[in-house]
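Please open the model in your viewer and keep the sequence beside it, since this tour moves from one selection to the next.

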Amino acid sequence: MVVKSLGNGFFDAAHEGGKEAAKELGDVELIYTGPTAATAEAQIEVINSLISQKVNALVISANDKDALVPIAKRATQRGIKVISFDSGIAPAGRILQLNPSNSALIGTKLAEMAADASGGGGEVAVLSATAQATNQNIWIGELKKALAKPEFSKLKLIATVYGDDESDKSYREALGLLRSNPN
C-alpha cells in the first residue's frame, strides 16, 4: 500500500483497514509505505523500491494521476497488479480505481456543510490538498455543480487554494483566504 505521504490520519486509517483485510484474507503480507513529502517524484522512488522487492501487487493513492502512469506500467510489465484508491492513477496505469464514496454525493454534502456553516449564504472557499489530487478535484467539480442548484444560490465560491498536503502550508493558505476575504 503506497500512500500519498506518511503521517496523514486518513492514510493511517487506510493502513488499519489494510491490516484487517490482510488478516481476513490470510497469506497476505501488507507493506504500508509512502514518501515523507507528498510529491509524485518521492512516490515514484517508493514504488521503484517495491518493484525491486518483487511485490505481487500495488495499491496506490496517487499524488499525480499522470506522473505515476509510467512507473505503474513498469510494475505491470513485471507482473505486478496495480490498483489505485482514494486519489486515482490515470486509467492507463491501473487495473481499477476504488473510490471511497460517490463523488456527486460528496459535492452535495460539501455544499450542504458550507450552507450550514454560513447560515445559508455567503462567500465560501476551498482549501484542498494538491492541484493533482484526482479525487479532490472531482469533488471540487461536483461542489461547483451543487452550488449551481437553486437551494445553494446564496453561496458564492470565491477561491480554491492548495496546501500541498502540508499542514504548515495549509495553515498559511487558510490564513491568506481569511485575510483577503473577511466575509
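Begin by selecting Asp86, which lies in the loop between strand S2 (81-85) and strand S3 (97-98) of this predicted model. Asp86 has a positive phi of about 60° although it is not a glycine, and with a relative accessibility of 7% it counts as buried, because buried means under 20%. As a general background, most residues other than glycine have a negative phi.

Now move to Asp27, in the loop between H1 and helix H2 (40-52), where another residue other than glycine shows a positive phi, here near 45°. Is Asp27 buried or exposed? Its relative accessible area is 87%, so Asp27 is exposed, the cut-off for that word being over 50%.

Before going further, zoom out until the whole chain is in view. The protein contains 6 helices and 5 strands, and when it is read along the sequence these elements follow the pattern α-α-β-α-β-β-α-β-α-β-α. The C-alpha trace spans about 55 × 30 × 30 Å along its principal axes, and 40% of the 183 residues count as buried. If you consider contacts between residues at least 6 apart in sequence, 63% of them join residues at least 24 apart.

Next, display helix H4 (residues 103-118) together with H5, which covers residues 134-147. How do the two helices lie with respect to each other? Their axes come within 7 Å and cross at roughly 60°, and H4 and H5 are therefore oblique to each other. The crossing in which H4 passes H5 is right-handed. To see the contact itself, select Ser103, Ala104, Ile106, Gly107, Thr108, Leu110 and Ala111 on H4, and then Ile138, Trp139, Glu142, Leu143, Ala146 and Leu147 on H5. Colouring these residues of the contact by type will show 9 nonpolar, 3 polar and 1 charged.

Stay with H5 and show the side chains of Lys145 and Glu142, which meet in a salt bridge with an N to O distance of 3.2 Å. The two residues are 3 residues apart in helix H5, and so they are separated by about one helical turn. Their surroundings can be compared by accessibility, for Lys145 is exposed at 53%, whereas Glu142 is buried with a relative accessible area of 18%. Glu142 is also among the residues of H5 that make the contact with H4.

Thr134 is another residue to pick in helix H5. At 17% relative accessibility Thr134 counts as buried, and, leaving aside residues up to four places away in sequence, it touches Lys65, Ser87 and Gly88.

From there, follow the chain past H5 to Phe152, which is found in the loop between H5 and S5. Phe152 is buried, with a relative accessible area of 6%. Which residues does Phe152 touch, not counting residues up to four places away in sequence? They are Thr108, Ala111, Glu112, Ala115, Ala146 and Leu147, and of these Thr108, Ala111, Ala146 and Leu147 also belong to the contact of H4 with H5. If you then select Lys65, one of the residues touched by Thr134, you can draw a C-alpha to C-alpha distance from Phe152 to Lys65 of 31 Å, for a pair that is 87 residues apart in sequence.

The tour ends with salt bridges, of which the structure holds 6. Select Lys4 and Asp165, whose side chains meet in one of them at 3.8 Å, N to O. This pair links distant parts of the chain, since Lys4 sits in the segment before helix H1 (9-25) and Asp165 in the loop between strand S5 (155-162) and helix H6 (167-180), 161 residues apart. Lys4 is buried, with a relative accessible area of 2%, while Asp165 is partly exposed at 26%.

For a last selection, show Lys169 and Asp164, whose side chains meet in a salt bridge of 2.4 Å, N to O. Lys169 is partly exposed, with a relative accessible area of 22%, and Asp164 likewise counts as partly exposed, at 24% relative accessibility.

Technical notes:
Residues numbered from 1 in each chain as written. Predicted model: local features only at pLDDT ≥ 70, side-chain atom pairs only at ≥ 80, totals over all residues. Heavy atoms only, no water. Salt bridge = Lys/Arg side-chain N within 4 Å of Asp/Glu carboxyl O. Helix = DSSP H or I, 4+ residues; strand = E, 2+ residues; numbered from the N terminus. Buried < 20%, exposed > 50% of the residue type's maximum accessible area, 1.4 Å probe, protein only. Axes fitted to C-alpha atoms, helices over the stretch in contact; angles between N-to-C directions. Parallel < 35°, antiparallel > 145°, perpendicular 65-115°, else oblique. Left-handed = near helix turned anticlockwise from the far one by under 90°. Contact = heavy atoms within 4.5 Å. Nonpolar A, V, L, I, M, F, W, Y, C, P; charged D, E, K, R; others polar.
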